Amino acid sequence: MEITFTNSTQTMNFAKKLADCLGPGDVLVLNGDLGAGKTTFTKGLAEGLGIDALIKSPTFTIIREYQGGRLPLYHMDVYRLENGGGEELGLDEYFDGPGVSVVEWAQFVEDELPHDYLSVNFRRTDIETERRVTFVPHGYHFKKIIEDLNNGN
């Protein structure tokens, strides 16, 4: 499924809808250049989960944990693990845990990812505020979520 968002509000609103479909142990992998909308999308997810916190990119901390909503949110930026080290972070504890994990730059921890996850790919267009976002489900659970969202459920 591909959607074009013309502004950050649309991006956040869709992420809020997606958050309603997510459960414990769900993993989303966000791909895209710097400034493509990954953190904006994560802010929408957090709002949709009922988390009332300032969501910031975890670039220097690698993992930020947010509590206080329907489910915890684990926001990971593993760019700094480009040369390895993901296996030492205990990512599987997050992925198998009670919250939703959002992983940016997941190609650096690809071997640590669970079998089922949702890949969310952001692409800029020629219009400054516009983003094309492609959702690629891995596993039946995420295929069903994307089908439901695509059908307006």
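In strand S5 of this predicted model, the side chains divide between two directions: Val 100, Val 102 and Glu 104 point one way, Ser 101 and Val 103 point the other way, and all are buried. This arrangement follows a familiar pattern, since in a regular strand the side chains alternate between the two faces of the sheet. With five of its five residues buried, S5 is largely enclosed by the rest of the structure.

The pairing of S5 with its neighbours can be followed residue by residue. Strand S4 (residues 73–77) runs parallel to S5 (residues 100–104), and five bridges join the two. Among these pairs, Leu 73 has Val 100 as its bridge partner in S5, and Asp 77 has Glu 104. Strand S2 also pairs with S5 in the parallel sense, here over four bridges, with Ser 101 as the partner of Val 27. Strand S3, in turn, is joined to S4 by four bridges, and these two strands run antiparallel; Ile 63 is matched with Met 76 of S4. S3 and S4 form a hairpin with six residues between them, and in the turn Gly 68 adopts a positive phi of about 95°.

How do these strands fit into the whole sheet, and what is its order? The sheet is open, contains seven strands in the order S1-S7-S6-S2-S5-S4-S3, and has mixed pairing. Strand S1 (2–5) and strand S3 (63–66) stand at the edges with a single partner strand each, so one side of each has no neighbour in the sheet. On average, neighbouring strands of this sheet are turned by 20° against each other, direction ignored. Helix H2 (residues 38–48) packs on the sheet, where it touches strand S2 (27–31), S4, S5, strand S6 (117–124) and strand S7 (131–138); the direction of H2 makes about 155° with that of S2. Helix H4 (residues 140–150) packs on the sheet as well, in contact with S2, S6 and S7, and its direction makes about 140° with that of S7.

The burial pattern of H4 is pleasingly simple to describe. Its buried residues are Phe 142, Ile 145, Ile 146 and Leu 149. Viewed down the axis of H4, these buried residues fall within an arc of 95°, so they line one face of the helix. More generally, an α-helix has 3.6 residues a turn, so residues three or four places apart point the same way. The cover over the buried residues of H4 includes H1, S2, S6 and S7. Just after H4, Gly 152 takes a positive phi of about 80°.

Helix H1 can be examined in a similar way. At 1.5 Å a residue, its 14 residues should span 20 Å, and the end C-alpha atoms lie 21 Å apart, which agrees. Thr 11, Met 12, Phe 14, Ala 15, Leu 18 and Ala 19 are buried in H1. These residues cover an arc of only 165° around the axis, which puts them on the same side of H1. The buried residues of H1 pack against S1, S2, H2, S6, S7 and H4. Is Asp 20, also found in helix H1, buried or exposed? Asp 20 is exposed, with a relative accessible area of 57%. Leaving aside residues up to four places away in sequence, Asp 20 touches Gly 48 and Arg 70. Asp 20 and Leu 49 are 29 residues apart in sequence, yet their C-alpha atoms are 7.1 Å apart in space.

Which residues touch the most other members of the largest nonpolar core? Of its 29 residues, these are Leu 18, Phe 41 and Leu 45. Helix H1 (8–21), S2, H2, S5, S6, S7 and H4 are the elements that give two or more residues to this core. The contacts of Phe 41 illustrate the packing: beyond residues up to four places away in sequence, Phe 41 touches Thr 11, Phe 14, Ala 15, Leu 18, Leu 28, Leu 30, Val 120, Phe 122 and Phe 135. Apart from the largest core lies another core, of 16 residues, including Val 29, Met 76, Leu 91 and Tyr 117. As a general point of reference, in soluble globular proteins nonpolar side chains tend to be buried together.

Methods: Residues numbered from 1 in each chain as written. Predicted model: local features only at pLDDT ≥ 70, side-chain atom pairs only at ≥ 80, totals over all residues. Heavy atoms only, no water. Pairing = 2+ DSSP bridges. Axes fitted to C-alpha atoms, helices over the stretch in contact; angles between N-to-C directions. Contact = heavy atoms within 4.5 Å. Core = buried A, V, L, I, M, F, W, Y, C linked by side-chain atoms within 4.5 Å. Buried < 20%, exposed > 50% of the residue type's maximum accessible area, 1.4 Å probe, protein only. Expected span 1.5 Å × (residues − 1). Arc of directions from axis to C-beta.
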